[in-house]
Amino acid sequence: MKRLPIGILGSGKGSNCRAILERIRSGDLAAEARVVISDVFDAPILDIAREFSIPNAYLAPGQFRTRLTPAAEGQLVEMLREAGVQLVVLAGFMRVLHAPMLQAFPQRIINIHPSLLPRFPGLEAWKQALAAGESVTGCTVHFIDEKIDHGQIIARQEVAILPNDTPETLHARIQIAERELYPAAIAKFCEKYPASNV
Ligand code: GRF
């Protein structure tokens, strides 16, 4: 089967990116990482891309804090198209994407969020789950749309909240679950929507 060309976008640590690149390298994931792009110049996710010899780039985001300028978002579309990307994987990308990206890649941009969506969208979702007194939370892979942490759910993984959990211990276990769930969800996407020759 032809490998699905993917592009990974992130702003930070890149632990999900690493998990995905490891699964590709081990042959468990029939994808090909064409490019890793970050809106943060010195983000560790770019070092991870270099470590795996994946083309990588910094995208100057422009003056807004939580989104890209329309010019920067247009540039992002161009970079991904030039790389032949057919699935855009958000791995800790801290800016909300808008029309240019959503129109260029309809139902082809996925995200992972550290809660069982639709519960607890937004920042520090593990803290929200703890504060709400939940006994179970988890992580969710979903298509993105114009709303934050919203859009069709692809896969979810539950994580139990233990009686003596702190935000740190809970977050760490959710991230372990994410590193299993995200590559597995991408693998399923690759089976369902094989690479096209376009
Ligand atoms: C993940 O925990 C994910 O749920 C959220 O951003 C975090 C990124 O972590 N969307 P990393 O950069 O993949 O380590």
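Start with the ligand and select the residues around it: Lys-13, Gly-14, Ser-15, Asn-16, Gly-92, Ile-112, His-113, Pro-114, Gln-175 and Glu-178. Keep in mind as you click around that this is a predicted model. Colour that shell by residue class and you'll get two nonpolar, six polar and two charged residues.

**Stop 1: polar contacts to the ligand**

Show Glu-178 as sticks. An N or O atom in the Glu-178 side chain is 2.3 Å from an oxygen atom of the ligand. Now go to Gln-175, where a polar side-chain atom lies 3.0 Å from a ligand oxygen. For Ile-112, turn on the backbone rather than the side chain: one of the backbone N or O atoms of Ile-112 sits 2.8 Å from a nitrogen atom of the ligand. How much of the ligand does the protein cover? On its own the ligand has 360 Å² of accessible area, and the protein covers 87% of that.

**Stop 2: the elements behind the shell**

Switch to cartoon and pick out helix H1 (15-26), strand E5 (109-113) and helix H6 (167-192); these are the elements that give two or more residues to the shell around the ligand. From the residues you selected earlier, Ser-15 and Asn-16 fall in the H1 range, Ile-112 and His-113 in the E5 range, and Gln-175 and Glu-178 in the H6 range.

**Stop 3: the pocket**

Hide the ligand and bring up a surface. The space the ligand takes is the largest pocket, with about 940 Å³ of space in it. Which residues lie nearest the centre of this pocket? Look for Gly-92, Phe-93, Met-94, Ile-112 and Leu-123, which are among the 34 residues of the lining. Gly-92 and Ile-112 should be familiar, as both are also around the ligand.

Colour the lining by class next: 13 residues are nonpolar, 13 polar and eight charged. Back in cartoon, add helix H5 (125-131) to your selection, since H1, E5, H5 and H6 each supply at least two residues of this lining.

**Stop 4: two backbone details**

Follow the chain out of E5 into the loop that leads to H5, and you'll find Pro-118 there. Zoom in on the peptide bond joining Leu-117 and Pro-118: this bond is cis, with omega at about 15 degrees.

For the last stop, go to the other end of E5. Which residue has a positive phi although it is not a glycine? Select Gln-107, whose phi is about 55 degrees. Gln-107 lies in the loop between helix H4 (99-104) and E5.

Notes:
Residues are numbered from 1 along each chain as its sequence is written. This is a predicted model: local features need pLDDT of at least 70, side-chain atom pairs count only at pLDDT 80 or more; totals for chains, interfaces and linings use all residues. Side-chain values use heavy atoms; hydrogens and water are left out. A residue is near a molecule or strand if one of its heavy atoms lies within 4 Å of it. A polar contact is a pair of N or O atoms within 3.5 Å; within protein, one must be able to donate a hydrogen and the other to accept it, and residues adjacent in sequence count only if both atoms are side-chain atoms. Accessible areas come from the Shrake-Rupley method with a 1.4 Å probe; for residues, only the protein chains shown count as cover. On a 1 Å grid over the protein atoms alone, a cavity is a set of points where a 1.4 Å probe fits but cannot get out, and a pocket is an open set with protein on both sides within 12 Å along at least five of seven lines; lining residues have an atom within 4 Å of a point. A molecule sits in a cavity or pocket if more than half of its atoms lie within 2 Å of its grid points. Helices (H or I, at least four residues) and strands (E, at least two) are DSSP runs, numbered from the N terminus. Ala, Val, Leu, Ile, Met, Phe, Trp, Tyr, Cys and Pro count as nonpolar, Asp, Glu, Lys and Arg as charged, and the others, Gly among them, as polar. Grid points are joined across faces, edges and corners, and a volume is the space filled by probe spheres set on the points.
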